[in-house]
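Student: I would like to take a close look at a single part of this protein and then follow its surroundings outward. Could you walk me through it with care?

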Amino acid sequence: MRPWKTLIALTLLLSACSQTPQSQNPPSGTRLTTIGGEVAVAGEILVKYKAGPETQGLRPLGASQPLEALSDPSWGALVRIRVPEGQEEAYIQAYGAQVGVEYAEPNYWVANPAREVLATLSLPQRPLGLKPQAYTDSVTDPYFLQVPPGDPLSATGADGTSYINVPYLWGIYRIRAPEVWNQGYRGQGVVAAVVDEGIDLSHPDLQANLWTNPNPNSSTCPGLHGYDFVDDDPDPSDSGGHGTHVAGTIAAAANGQGVVGVAPEARLMALRALGYFGGTNYMLVRALKYAADCGAKVVNNSWGSGGRSKAFLDVLQYGTAKGVIYVFSAGNSYRSGNQPSYPVAYSTLLPGVIGVGASSNDNRRAGFSNAGPYVTLVAPGAAVLSTIPVAQNPSDPYAFLQGTSMAAPHVTGVVALLLSAKPDAKPEAIRLALEQGANAKLTAQAAKPDYAAGGQYGYGLVDAKASLDTLLGQ
C-alpha cells in the first residue's frame with residue numbers, strides 16, 4: 001500500500017478539475033514546461049503512428065528517442081518520445097509531417113484535481129449510528145426521503161451557497177436512484193472503471209464490489225483489480241483519497257454500513273492514472289484504452305486539463321466505437337473564466353462522451369461549476385458524502401467533498417443502472433435516455449438545452465428513474 005497523505009476527516013473540499021492545471025509539482029525526475037500556453041512534460045512528445053505496414057520502416061528523427069509505445073494492430077501505435085528540452089514544438093512539426101504519422105503533440109500534464117483545493121470548511125462530526133441501511137422493496141430510509149432528525153450538517157460553501165440540514169446522501173435520492181433499485185436494477189453485471197488516483201482496495205464499503213480480472217497476467221489487461229499507469233505496476237491503490245471518494249458514489253455496497261453508491265451492485269475497475277500531484281496524457285490514454293479493452297462499460301473521469309489533445313479524442317473514438325461510455329466532470333472554473341476543459345469538451349463530438357456539471361441541494365448550478373454546450377447534464381456535486389481511504393480516518397472512513405468531480409460519479413452510477421436494465425444498449429441510446437429523462441423543471445431550465453437563453457444545466461438534472469423509463473420505452 002502507498003503512504004497516505006494527511007486529510008482532515010469530514011471536511012468539505014472543493015475538489016474537481018479546473019480547466020488549467022494549477023499544481024506544478026510533478027513526480028521526481030519529471031520536469032514541466034509550457035507549450036502553446038498549456039502545461040506539458042518537458043523533453044517529451046507523443047506521436048501516433050497509423051496502423052498498417054507502411055509505418056514499419058519509420059525511424060526516430062534527429063536526437064529523439066522512443067521511450068515506450070501503446071500499440072494495437074487495429075488502432076496503431078502511440079509512442080512516447082524523448083526530445084531535447086526546448087525543442088518539443090520543432091519535433092512535433094517534424095514528426096507530424098512524416099508519412100504514416102497520424103498526429104504528434106505535447107505530452108500534456110494533467111494536475112490531480114484533489115490537489116486543487118479552493119476552499120476548506122469544517123463540518124460537525126456526524127453522529128455515530130446514523131448510517132444508511134440496505135435497500136428494500138420500498139425505500140423508507142430517512143437519508144433518502146427526509147432530513148434525518150438531529151442532522152448537524154450546516155455550512156456555507158465557497159460560492160456563498162448555504163447547506164442547511166442536507167441529508168447525508170441527498171444526491172442519491174435527488175436523482176431517484178432508489179426507485180430504480182426497487183425495480184431490480186442495481187448495476188449488476190456492469191463494470192465501471194474509475195480513472196483517477198486509485199481506489200482503496202481495502203475499504204469495507206468497496207471491497208465486495210471490486211472488479212476481479214479473470215486473467216490478471218494478461219499482457220493487455222494486467223492486474224487483479226485494475227492497473228497503475230503512474231508507477232506501471234498492478235497495484236492501483238489510492239495515493240490521496242480522490243479516487244476512493246469517486247468510487248464510493250458510483251458503487252459503494254448496500255451493506256448496512258457507511259454509505260451506498262448509485263449502483264450498489266456494479267463492479268469497480270481501479271485504474272490509477274494520476275499520481276498525488278497529477279499525471280501525463282500518456283498515462284491517462286493508456287488507462288482509457290485499458291478500460292475499453294478489458295471489459296468496462298462505463299468509465300468515470302473526474303479530471304481534465306486545458307490541452308486540446310488529439311490523443312484523448314483518438315482513444316475516446318476507439319472506446320466509444322466499442323460501446324464504452326465515458327463520463328467526465330465539467331470543471332470548476334466558472335468563476336475564473338469558464339474556459340472549457342478537455343477531454344470533456346469532446347462531448348459535443350462523441351455521443352459516448354458525457355459532460356457533467358454540478359448542482360447544489362437547491363437544484364441550482366453550483367457556483368464553481370463550468371457551464372456550456374459540453375455540459376450534457378448536471379448532478380449533485382455539493383456536500384457529497386462518500387468513502388475515503390481507511391488509513392486517513394480508520395474509525396470513520398467517510399468525508400464530504402464537493403465539485404464536479406463529485407457530480408460525475410452520480411451520472412456514472414446512473415449509466416450503470418441503465419446498463420444493468422439493458423446490457424446491450426449502445427452509447428447513443430444511453431445518452432438519449434439521459435437527455436430525455438433529465439429533469440429540467442427542478443433546474444428551471446428554459447429549454448433542453450437552451451444555452452442562448454442562459455441555460456447552464458445541459459438537459460437538466462440527471463434522473464435515474466425517468467431515464468430508465470425512456471430507455472425501456474415506458
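Student: How many of the residues of α5 are buried?

Tutor: This is a predicted model, and what follows should be read with that in mind. In α5, 10 of its 10 residues are buried, and the helix is thus described as mostly covered. The residues concerned are His242, Gly243, Thr244, His245, Val246, Ala247, Gly248, Thr249, Ile250 and Ala251. An α-helix has 3.6 residues a turn, so residues three or four places apart point the same way. As for what covers the helix, the buried residues of α5 pack against the strands β10 (191-196), β12 (267-272), β14 (298-301), β18 and β19 (398-402), and also against α8.

One residue that touches this helix is isoleucine 199, whose contacts, leaving aside residues up to four places away in sequence, include Gly243, Thr244 and Ala247. Isoleucine 199 also touches Val194, Leu206, Leu210, Pro236, Ser237, Asp238, Leu268 and Ala270. In the largest nonpolar core, which has 60 residues, Ile199 is one of those that touch the most other members, together with Val327, Val411, Val415, Ile430 and Leu434. Helix α8 (residues 404-421) supplies the largest share of this core, 11 residues, and α8 is also among the elements against which the buried residues of α5 pack. Apart from this core lies another, of 50 residues, with Val191, Ala193, Tyr282 and Leu350 among them.

The helix also takes part in enclosing empty space. Counting those of 30 Å³ or more, the model has 1 cavity, and the volume of the largest cavity is about 90 Å³. Its lining consists of 14 residues, of which Leu169, Ile172, Val384, Leu385 and His410 are the closest to the centre. The elements that each give two or more residues to this lining are α3 (170-174), α5 (242-251) and β18 (384-387). By class, the lining is made up of 9 nonpolar and 5 polar residues, with no charged residues.

From β18 one can step back to the loop between β17 and β18, where alanine 383 is found. Alanine 383 has a phi near 55°, which is a positive value in a residue other than glycine. Alanine 383 is counted as buried because its relative accessible area is 1%, and buried means under 20%. A similar description applies to asparagine 363, which is not a glycine yet has a positive phi of about 70°. Asparagine 363 is placed in the loop between β16 and β17 (377-380), and with a relative accessible area of 11% asparagine 363 is buried.

The loop between β15 and β16 can be read alongside these. Asparagine 332 has its place in that loop and is buried, with a relative accessible area of 8%. The side chain of asparagine 332 makes a polar contact, at 3.2 Å, with the side chain of threonine 404, and residue 404 is where helix α8 (residues 404-421) begins. Proline 343 also lies in the loop between β15 (325-329) and β16 (353-359), and a cis peptide bond, with omega of about 15°, joins tyrosine 342 to proline 343.

Methods
Residues are numbered from 1 along each chain as its sequence is written. This is a predicted model: local features need pLDDT of at least 70, side-chain atom pairs count only at pLDDT 80 or more; totals for chains, interfaces and linings use all residues. Side-chain values use heavy atoms; hydrogens and water are left out. A nonpolar core is a set of buried Ala, Val, Leu, Ile, Met, Phe, Trp, Tyr and Cys residues joined through side-chain atoms within 4.5 Å. Buried means under 20% relative accessible area, exposed over 50%, partly exposed in between (1.4 Å probe, protein chains only). Helices (H or I, at least four residues) and strands (E, at least two) are DSSP runs, numbered from the N terminus. Contact means heavy atoms within 4.5 Å. On a 1 Å grid over the protein atoms alone, a cavity is a set of points where a 1.4 Å probe fits but cannot get out, and a pocket is an open set with protein on both sides within 12 Å along at least five of seven lines; lining residues have an atom within 4 Å of a point. Grid points are joined across faces, edges and corners, and a volume is the space filled by probe spheres set on the points. Ala, Val, Leu, Ile, Met, Phe, Trp, Tyr, Cys and Pro count as nonpolar, Asp, Glu, Lys and Arg as charged, and the others, Gly among them, as polar. A polar contact is a pair of N or O atoms within 3.5 Å; within protein, one must be able to donate a hydrogen and the other to accept it, and residues adjacent in sequence count only if both atoms are side-chain atoms.
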